[in-house]
Amino acid sequence: MATPTVENYLKAMLALTRESGAVTISDLSTELGVSKPTANNMIRRLSERGLIHYQKYQPLRLTEQGRRQAALVVRKHRLTEMYLVKKMGFGWEEVHPIAEQIEHIDSPAFFEKMDQLLGSPNYDPHGSPIPDREGNLRGTDRERLGECQAGAVVVLAGLNDSSADFLRYLDEKGLRLGTLMKIEAIDAYDKSVRLSYGGKETTLPETTVQQLLVVKPSHDPSSGSATK
């Protein structure tokens, strides 16, 4: 059984790999808030266990075993977040630290029951895809709001930033997953975007726009299937 520390390293490796492709010990130590010697020692141990490819002065890579193990931790985390929101009434900004603890429970039956009670969701409350039971991550057809053209009608389907502060900011703006939005205008100078949705208009700065992932209106962001 993997310890929470091992699972945290693998999960961080998976996230960093998706962000930048090449991962260094410095990246990992920064991500986890540990010293480089501490990270280096753990990487050597994970390499000995066949979970990470490690060569001195070369980028770190997860082995297939390490990738699958990391993805299953992500699955437990995202299922937990969905359960906390859908079944227990937590706000989407509250669930991450709770899921960080529950994800380390070593009970496949526990998470299988959670999945069944939720109806096997494809996405978590923030629109991030939930890996399947084999650790495979579903592909998505989403794009950044900032890549869309003025006049486009889109649905908010996911977020690149799921921090509590950002989620509270979206709540204040009345933006939730599934919100139907029209891009009224894009400022040529600062790239801010003026949106209309729910009978109102708001202007979002470029920093916010780049964190919002959208799909065409025929797509249901909560289930991954077409809307009826």
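Two exercises with worked solutions follow, on the nonpolar cores and the salt bridges of this structure.

The model is predicted, so local features need pLDDT of at least 70 and side-chain atom pairs count only at pLDDT 80 or more, while totals for chains, interfaces and linings use all residues. Residues are numbered from 1 along each chain as its sequence is written, and side-chain values use heavy atoms, without hydrogens and water.

**Exercise 1.** Determine which helices supply at least two residues each of the largest nonpolar core.

Solution. A nonpolar core is a set of buried Ala, Val, Leu, Ile, Met, Phe, Trp, Tyr and Cys residues joined through side-chain atoms within 4.5 Å, where buried means under 20% relative accessible area, exposed over 50% and partly exposed in between (1.4 Å probe, protein chains only). The largest such core has 22 residues, and V6, L10, M13, L28, I43, L46 and I52 have the most contacts inside it. At least two residues each come from α1 (4-20), α2 (25-32), α3 (36-48) and α4 (64-86), helices being DSSP runs of H or I with at least four residues, numbered from the N terminus.

**Exercise 2.** Establish which residue pairs with R75 in a salt bridge, and whether the partners are buried or exposed.

Solution. A salt bridge places a side-chain nitrogen of Lys or Arg within 4 Å of a carboxyl oxygen of Asp or Glu. D115 pairs with R75, their closest N and O atoms being 3.6 Å apart. D115 lies in helix α6 (residues 108-118) and R75 in helix α4, 40 residues apart. D115 is buried because its relative accessible area is 2%, and R75 is likewise buried, at 9%.
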